[in-house]
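Me: I have a model open and I'd like to learn how to read it. Could you take me through a few features?

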Amino acid sequence: MEAAASSVKDGGDLRDTELRLGLPGTEAPEKPAAPSTRGSKRALQEDDDMESRANSRPLEADSGEAPAAKAQIVGWPPIRSYRRNSFPPRKVESEAEAEAEAEAAGLYVKVSMDGAPYLRKIDLKVYKGYKELREAMDNMFKCFTQGEVSRKEGCSSGSESAITYEDKDGDLMLVGDVPWEMFISSCRRLRIMKGCEVRGLRTRQYS
Amino acid sequence: MTYFPEEVVEHIFDFLGSHRDRNAVSTVCKAWYHVERFSRRNVFVGNCYAIRPERVMARFPGMKSLSVKGKPHFADYNLVPYDWGGFALPWINAAVRRCPGLEDLRLKRMVVTDDDLDLLARSFPNFRSLVLVSCEGFSTDGLAAIATYCRGLRELDLQENEVEDHGRQWLSCFHESCTSLVSLNFACLKGEVNAGVLERLVARCPNLRSLKLNRAVSVESLNEIVARAPYLVDLGTGSFAVDHHTDAYQRLMNSFSKCKSLSSLSGFWEASPHCLDAVYPVCINLTVLNMSYAPAIQADDLIKLISLCFKLQKLWVLDCIGDKGLAVVASTCKELQELRVFPSDIYGAGATSVTEEGLVAISSGCPKLNSLLYFCYQMTNAALITVAKNCPHFTRFRLCILDPWKPDPVTNQPLDEGFGAIVRSCKNLRRLSLSGLLTDQVFLYIGLYAKCLEMLSIAFAGDSDKGMVYILKGCKNLRKLEIRDCPFGDIALLNDVAKYETMRSLWMSSCDVTLGGCKALAAKMPRLNVEIINESEGSDKLEENISDLHKAEKMYVYRTVAGPRNDAPDFVWTL
């Protein structure tokens, strides 16, 4: 039997020629890339989507390189889900990390405008208040409102609009009612409403 | 023997405890078959799809106690999709029709619904024991039905089930006249139970010996319960979280000192170190201790506790006990038979975890050790060889080195020699789980020496088909073989197809077996169900579209006299 463990394996194994830190025969932490070369092929489709879906685990947060790599193998280590769920040991840390990530990543929400061919995304964290938000949204959708004539009967030109948002509960709300902080914590997506629907909203608001 | 009257033969059979012995005598001759089948009271079905329930009930009309297992073992590790199968209803229905005298039911890894539990509760007037292990599909509503209709219930044991909490006060459904409970285990439930109801229930059941509370039960409540049930033998403590400045803490200290019969403790869900002081008075009598759900208890406190447990036979702990703690176990617990060390942090080696040193210490201090489950980050051949020498009595040896393919860190060798020593030395080894870097050599050893082996679990091991062939050829008593992520393919699979009819089941996932190979197996062996579990998108498309060369991602093969099952979901193909 050869001395180095790596040469004990299949001769054609890519790992023999792999560059990595560490003594020959010791295994680098990023092991889960290897399963696909060891013969654990996906059954029908080789696409990455399948692989990442099969390999991703529902409860691990991306907390660091080596631990995340370890956490990628489905069903490993062999611990019953009951036990896993009883105490996620890193919960506090991973929640904090998730929060930190969210902070860094910004709060992106989709913005749609009635009649526009595509949607936009904005980072709510960037704005200090409603005024800035409205200005930004006007800028974003300027190209669609110029010269637009509403096609709906009985409506005036498309210059009347209202910004609404969908909140955590899925309800359609008018932007501006609640304090800014509360707004950005509950806003899931934004919608610029135009024309008749807007008038409907307005009258409801003032009646 | 055939000249003896049947009653005498039946009486002799009464002395046969195990299912296997009874199965064996029933094959001797027709007369014995008939005597045996009418006198069998306890029926065990290891695979619910191996035989139809009606056939079981028809053969054993006197059945009083039934135990059925459903999903394959790797379902515990999320390798089997949720709706694969294993339904309890056909078994309950058949029993309702044919065995109304049913008293005990034990189900493991099966899908049980609230309706099933309701049917069960209403259909068997003599029902006394329900044990559900790793089951799912039911809620507290189903438990309410059991409590309401099973008058005379003696045992309700829920182990590690996924139970939905519908908020129903199921415990209140036990009638005031219910005084028969001997064992109640609801540790796996997430919801709260009414403290007063629980205390009254405990108070009116004088035969209660085993009680396992869930996390939601407070120390105040525990005090009341223990005061009312001083004869408890087995206690799951509930949350066990209490501030030591409170009266509740003082009462706790007194409570345990009254429990002279207590020999088994578990729970400690939210225990902090000072709470353990209350337990010291009973340590001297403990034979079973499960601290594996108490992450706040670190090595020093565990050591203080365990160093009083001279009679301990079974210990489940987290790896924060460390090698130091295991050395204390080794020097204190001379009666130890079973040890399980679980990882407290699966993301990486924590500040303390256990290594090969802890295991070696245990092996030299605990000569009666026969059952091991050990999670660690490293293991050496030298350590395993020493363990094998010290403990030749292992019947169950399950070692999980948390990093796949990890070699011996000292020599960089595979762990073939270490595991080889284990199988050579432990002649009565029935169950083995391997891990670490392993070549085909370890399988050669296992095939050569592990003659009593019944269950083998392999992951990330081996070099070629030879490995699997060694196992199939050598292990004469093999019943369950489960393999994941190993380079075993069609050649190994088809090497000895008749072998699989001598086994309960074979599981292979992420290996090299192809659809064609599985089809060939199915074609040659009509009394095997060869199931392919296909989880990719579009899995309801016709098989014909997929080439035989494609790898079968998950394959489950089991012997059966029931034919292909009729409840398989779309993504399970029975070839």
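Reply: Sure, starting with burial: buried means under 20% relative accessible area, exposed over 50%, and partly exposed in between (1.4 Å probe, protein chains only). Helices (H or I, at least four residues) and strands (E, at least two) are DSSP runs, numbered from the N terminus. With that, take helix H13 (residues 322–332) of chain B: 8 of its 11 residues are buried, so the helix is largely enclosed by the rest of the structure.

Me: Before we go on, what kind of model is this, and how are things numbered?

Reply: This is a predicted model, where local features need pLDDT of at least 70 and side-chain atom pairs count only at pLDDT 80 or more, while totals for chains, interfaces and linings use all residues. Residues are numbered from 1 along each chain as its sequence is written, chains are lettered from A and ligands numbered from 1 in the order in which they are written, and side-chain values use heavy atoms, with hydrogens and water left out.

Me: Which residues of H13(B) are buried, and what do they pack against?

Reply: The buried ones include Leu326(B), Val328(B) and Val329(B), and also Asp323(B). Contact means heavy atoms within 4.5 Å. The buried residues of H13(B) pack against several elements of chain B, among them helix H12 (299–306) and strand E13 (314–318).

Me: How do I describe two packed helices?

Reply: Two packed helices are described by the angle between their axes and the distance between the axes. Axes are lines fitted to C-alpha atoms, for helices over the stretch in contact, and angles run from 0 to 180 degrees between N-to-C directions. Here, helix H9 (residues 219–228) and helix H10 (residues 247–257) of chain B have axes that come within 9 Å and cross at roughly 30 degrees. Angles under 35 degrees count as roughly parallel, over 145 as roughly antiparallel, 65 to 115 as roughly perpendicular and the rest as oblique. H9(B) and H10(B) are therefore roughly parallel to each other.

Me: Which residues make that contact?

Reply: From H9(B), they include Val219(B), Leu222(B) and Val226(B); from H10(B), Leu252(B) and Phe256(B) are among them.

Me: Now a single residue: where is Val513(B), and is it buried or exposed?

Reply: Val513(B) is in the loop between strand E20 (505–509) and helix H20 (515–524) of chain B. Val513(B) is buried, at a relative accessible area of 0%. Leaving aside neighbours within four places in sequence, its contacts include Phe488(B), Leu493(B) and Met555(B).

Me: And how many helices and strands does chain A have?

Reply: Chain A has 7 helices and 5 strands, and buried residues make up 37% of its 207 residues.
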